Amino acid sequence: MTDTPDCEQSLHEEDFSENTECTGIFGSARPQKAPVSREEIIRMANEMIKKDWEYMDGMEVNDALQRDEAIVLRGEFFLDAQGLPTPKTNAVFNMFHRVSVELSRKYRIAQAPASPSDK
């Protein structure tokens, strides 16, 4: 028996397999996010927005993109003639943020397969 402190643990190759589930910084497993098309994310976002009690006419997502772990939603922000925010701007920003957080927990935008013309 060696004189090794109890807090030290030896690491073995079998501890690091390709099938090991990713864990967060506190050791809990991170759920796998389902890959979904950009169009499906936009559809789901718009459905969620229209069901929300803070929905206003004109709130609509028309684009979505993946930025690291977050899904970013884009749409009309209701700026005035000078390009300045209106009271609706803040409501839209907050709505998009809330929906983005919810979708980002469950989904990621699937990468479209490369088309032959991209080569």
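**Figure 1. The largest nonpolar core, centred on the contacts of I41 and L73.** In this predicted model, the largest nonpolar core has 18 residues, and I41 and L73 touch the most other members. Four elements each supply at least two residues of this core: the helices α1 (38-51) and α2 (87-106), and the strands β2 (61-67) and β3 (70-75). As general background, nonpolar side chains tend to be buried together in soluble globular proteins.

**Figure 2. L73 and its partners.** Leaving out residues up to four places away in sequence, L73 touches I41, A45, V61, D63, A64, F96, V99 and S100. I41 is thus a contact of L73, and these two residues are also the pair that touch the most other members of the core. One more partner to pick out in this view is S100, which the next legend takes up.

**Figure 3. S100, a residue of helix α2.** Is S100 buried or exposed? S100 has a relative accessible area of 12% and therefore counts as buried, since the cut-off for that label is under 20%. Which residues does S100 touch, not counting those up to four places away in sequence? They are I71, V72 and L73. This view therefore shows S100 of helix α2 against a stretch of β3, the strand that spans 70-75.

**Figure 4. The two faces of β3.** Follow the side chains along this strand and you will see them alternate. I71, L73 and G75 point to one face and are buried. A70, V72 and R74 point to the other face and are not buried. S100 touches residues from both sets: I71 and L73 as well as V72.

**Figure 5. The hairpin of β2 and β3.** These two strands run antiparallel and are joined by 6 bridges. For a landmark within the pairing, look for L65, which stands opposite V72 in β3. How many residues lie between the two strands? There are 2, and D68 in the turn has a positive phi of about 55 degrees.

**Figure 6. K33 and its surroundings.** K33 is found in the segment before β1. The side chains of K33 and E69 meet in a salt bridge, with an N to O distance of 3.1 Å. Because K33 lies before β1 (34-36) and E69 sits in the loop between β2 and β3, the pair ties together parts that are 36 residues apart in sequence. E69 counts as exposed, at 54% relative accessibility. The side chain of K33 also has a polar atom 2.9 Å from the backbone oxygen of E69, and this side chain reaches the backbone oxygen of S104 at 2.8 Å. Leaving aside neighbours within four places in sequence, the contacts of K33 are E69, S104, R105, K106, Y107 and R108.

**Figure 7. A salt bridge that links distant parts of the chain, D52 to R98.** The closest N and O atoms of D52 and R98 are 3.3 Å apart. D52 belongs to the loop between α1 and β2, R98 belongs to helix α2, and the two are 46 residues apart. Both ends are partly exposed: D52 has a relative accessible area of 22%, and R98 has one of 36%.

**Figure 8. A salt-bridge network of E40, R43, E47 and K51.** Salt bridges that share partners join these four residues into one network. Within this group, R43 forms a salt bridge with E40, and their closest N and O atoms are 2.6 Å apart. Why are R43 and E40 separated by about one helical turn? The reason is that they are 3 residues apart in helix α1. R43 is partly exposed, with a relative accessible area of 40%, and E40 is also partly exposed, at 29%. In total, the structure holds 8 salt bridges.

**Figure 9. The whole protein, to place the close-ups.** The protein has 2 helices and 4 strands, and from the N terminus on the elements run β-α-β-β-α-β. Of its 119 residues, 21% count as buried. Contacts between residues 24 or more positions apart account for 53% of the contacts with a separation of 6 or more. The protein exposes about 9,600 Å², and carbon and sulfur atoms supply 53% of that area.

Terms used: Residues are numbered from 1 along each chain as its sequence is written. This is a predicted model: local features need pLDDT of at least 70, side-chain atom pairs count only at pLDDT 80 or more; totals for chains, interfaces and linings use all residues. Side-chain values use heavy atoms; hydrogens and water are left out. A nonpolar core is a set of buried Ala, Val, Leu, Ile, Met, Phe, Trp, Tyr and Cys residues joined through side-chain atoms within 4.5 Å. Buried means under 20% relative accessible area, exposed over 50%, partly exposed in between (1.4 Å probe, protein chains only). Contact means heavy atoms within 4.5 Å. Two strands pair if DSSP finds at least two bridges between them. Accessible areas come from the Shrake-Rupley method with a 1.4 Å probe; for residues, only the protein chains shown count as cover. A polar contact is a pair of N or O atoms within 3.5 Å; within protein, one must be able to donate a hydrogen and the other to accept it, and residues adjacent in sequence count only if both atoms are side-chain atoms.
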